[in-house]
Amino acid sequence: MDMKDMDVRLEYQILNNIFMKTGDGFFIMDNDKRIKFMNQHLIYIYGNQIGKKCHEMFFDNLEPCNGCSINEILEDNKESIRHTRCDRDKLGRWLEMTCLTTTIGSKGLKGENTYIIGMASDMTSRKKLEDALRVKNQELIQKNEELEKFVYTVSHDLKSPILSLQGVVSVLMEDYADKLDNEFREYLEDIKKSAQKMGLLIQDLLDLSRVGRTRNPREEIPARDIINEVVDRLKFQLNSKGVELHMDEEMPVCYCDKQMIILALVNLLDNAIKFVGNNPHPRIDIGCRTQGDYHVFYVKDNGIGIDPKYYEKIFEIFQTLNEIKDPRSTGVGLAIVKRAVDVHMGKVWVESEKGKGSTFFISLPSKEVVLKKTGK
Amino acid sequence: MSILLIEDDTIHIKLIKRALEKAGYGDTIICLEDGEQAFRYLFPEDARERSPLPRLVLLDINIPKISGIEVLKRIKGDGMLRNIPVVMLSTSKNRNDMETCFRFCANSYVCKPLDFKDFETKIKNIVIYWLEVNDVMDE
């Protein structure tokens with residue numbers, strides 16, 4: 001035996017060992033789907049099935065299984081066509097079968113030398129885990145829905161007593177004005193302020209739960225229309241702070257749930273108006289640009305800026321920056337933004353320098369990316 | 001000329017009454033606190049016992065026993081009563097609630113503002129609108 005024969009023999013032994021002893025099932029079928037060869041793993045599970053057809057060996061089916069595309073593969077007479085399916089075998093195991101056509105020797109006219117190499121992997125434990133995960137996921141979805149509903153109901157039911165509280169205090173201050181001393185009046189003012197704050201908080205919580213619960217269909221909408229509406233809603237606040245507002249000339253058409261993105265941007269612009277603080281020349285830039293497959297909205301202010309250590313924290317619920325002593329701050333606004341953006345498979349982030357202003361960005365995937373990701 | 005207020009929150013009743021008094025409608029308000037009372041008042045078993053019909057109904061959505069929506073449906077389904085303007089009151093801006101109310105022919109839907117001044121103004125304006133500007137009862 002020369003060296004070449006030795007090498008071939010060695011190579012054969014190695015391949016044979018891998019083939020025979022691997023933990024997955026390997027088999028070879030002819031073009032009539034008859035088993036010509038099976039490895040030890042398969043023999044151990046199903047016994048010797050040489051000569052039987054694959055559907056008999058795995059599934060006890062006398063006829064080919066529904067949806068089997070091996071015939072099509074053979075009819076096409078092409079090499080290396082892969083066919084994968086996952087099914088439950090006759091022993092109740094979940095098998096992932098991968099079949100690959102191959103030609104051994106010279107190919108006949110009708111593909112008679114075409115063989116099929118098959119690999120059967122036992123996916124039972126993975127399937128069980130998948131099932132368990134699916135159940136847990138479903139439970140989680142249900143719990144989340146319950147929680148959203150709870151927040152909505154609680155917030156809604158709390159609105160009524162707040163109106164009562166504000167109303168009664170207002171009546172006292174109006175109808176009994178001449179009987180109230182300054183201290184009493186101050187206490188009433190405190191109650192009124194607290195009730196107002198609670199009202200804002202409840203409104204924000206309602207918005208947050210609404211973002212989680214409602215989904216309007218996405219539509220193609222010019223970013224300019226969205227920004228115009230956002231600016232329009234905060235016109236009063238912009239004017240009263242004397243903010244110089246700059247908007248992009250050109251803006252793309254984006255693909256989103258219009259109302260949800262308007263809500264997110266209203267929160268960002270409202271924050272920017274708060275951030276510009278005492279700057280004698282308050283300026284806010286707002287717009288939308290295309291970056292690759294994304295449309296990126298931005299809101300830039302020349303206000304107090306944010307310390308980098310708070311970049312992540314500010315998007316958590318009930319987080320407010322101490323610098324902003326605005327009684328209207330509830331710490332829910334950026335959580336609403338984050339949730340709205342998450343629902344859109346987008347991103348939100350901030351770039352800022354203390355004392356020099358902040359820019360908040362929202363990136364939303366283009367229609368093509370959304371359709372690809374959602375498989376529509 | 002009376003205004004029928006169907007509302008279960010006693011403080012809201014006081015506040016609405018006060019707003020109406022300030023608008024000059026103080027003597028005309030009849031208050032009922034749940035849907036059953038509203039049914040008995042508007043649809044007595046013996047029609048001869050029916051009280052004089054109100055010119056305007058202010059109807060809270062969330063009232064005990066029989067909901068505001070059911071009361072609305074009954075009013076708008078009644079040949080004699082359906083021309084009475086019904087203004088629905090709620091603390092919610094829930095779109096489903098609004099759609100349901102308008103589907104059953106509510107004339108207005110007022111979301112009670114949390115700020116009391118806004119609340120007073122809104123109540124006053126809506127009552128003036130239905131009683132003086134758009135007086136459908138005379139049609």
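The sulfur of Cys288(A) lies 5.4 Å from the closest cysteine sulfur, that of Cys254(A), which is too far for a bond. Cys288(A) is also buried, at a relative accessible area of 1%. The model is a predicted one.

How many disulfides does the structure hold? The count is 0 over all chains. Cys99(A), too, is in no disulfide; its nearest cysteine sulfur belongs to Cys54(A), 6.7 Å away. Because a disulfide needs sulfur atoms within 2.5 Å, that pair does not qualify. Is Cys99(A) buried or exposed? It counts as buried, with 4% relative accessibility.

The two cysteines and their nearest partners are set out here.

| Cysteine | Nearest cysteine sulfur | Sulfur distance |
|---|---|---|
| Cys288(A) | Cys254(A) | 5.4 Å |
| Cys99(A) | Cys54(A) | 6.7 Å |

Now the overall form of the chain. Chain A has a radius of gyration of 34 Å, whereas a compact globule of 376 residues would have one near 21 Å. The C-alpha trace spans about 115 × 45 × 40 Å along its principal axes. The secondary structure of chain A comprises 11 helices and 12 strands.

Packing and contacts come next. Of the 376 residues in chain A, 41% count as buried. Contacts between residues at least 6 apart in sequence include 61% that join residues at least 24 apart.

Last, surface and charge. Chain A exposes an accessible surface of about 22,100 Å². Carbon and sulfur atoms account for 53% of that surface. The chain carries 55 positive and 59 negative charges. Their mean positions are 3 Å apart.

How values were computed. Residues are numbered from 1 along each chain as its sequence is written. Chains are lettered from A and ligands numbered from 1 in the order in which they are written. This is a predicted model: local features need pLDDT of at least 70, side-chain atom pairs count only at pLDDT 80 or more; totals for chains, interfaces and linings use all residues. Side-chain values use heavy atoms; hydrogens and water are left out. Helices (H or I, at least four residues) and strands (E, at least two) are DSSP runs, numbered from the N terminus. The radius of gyration is taken over C-alpha atoms; the globule rule is 2.2 Å times the number of residues to the power 0.38. Buried means under 20% relative accessible area, exposed over 50%, partly exposed in between (1.4 Å probe, protein chains only). Contact means heavy atoms within 4.5 Å. Accessible areas come from the Shrake-Rupley method with a 1.4 Å probe; for residues, only the protein chains shown count as cover. Lys and Arg count as positive and Asp and Glu as negative; His and the chain ends are not counted. The place of a charge is taken as NZ of Lys, CZ of Arg, CG of Asp or CD of Glu.
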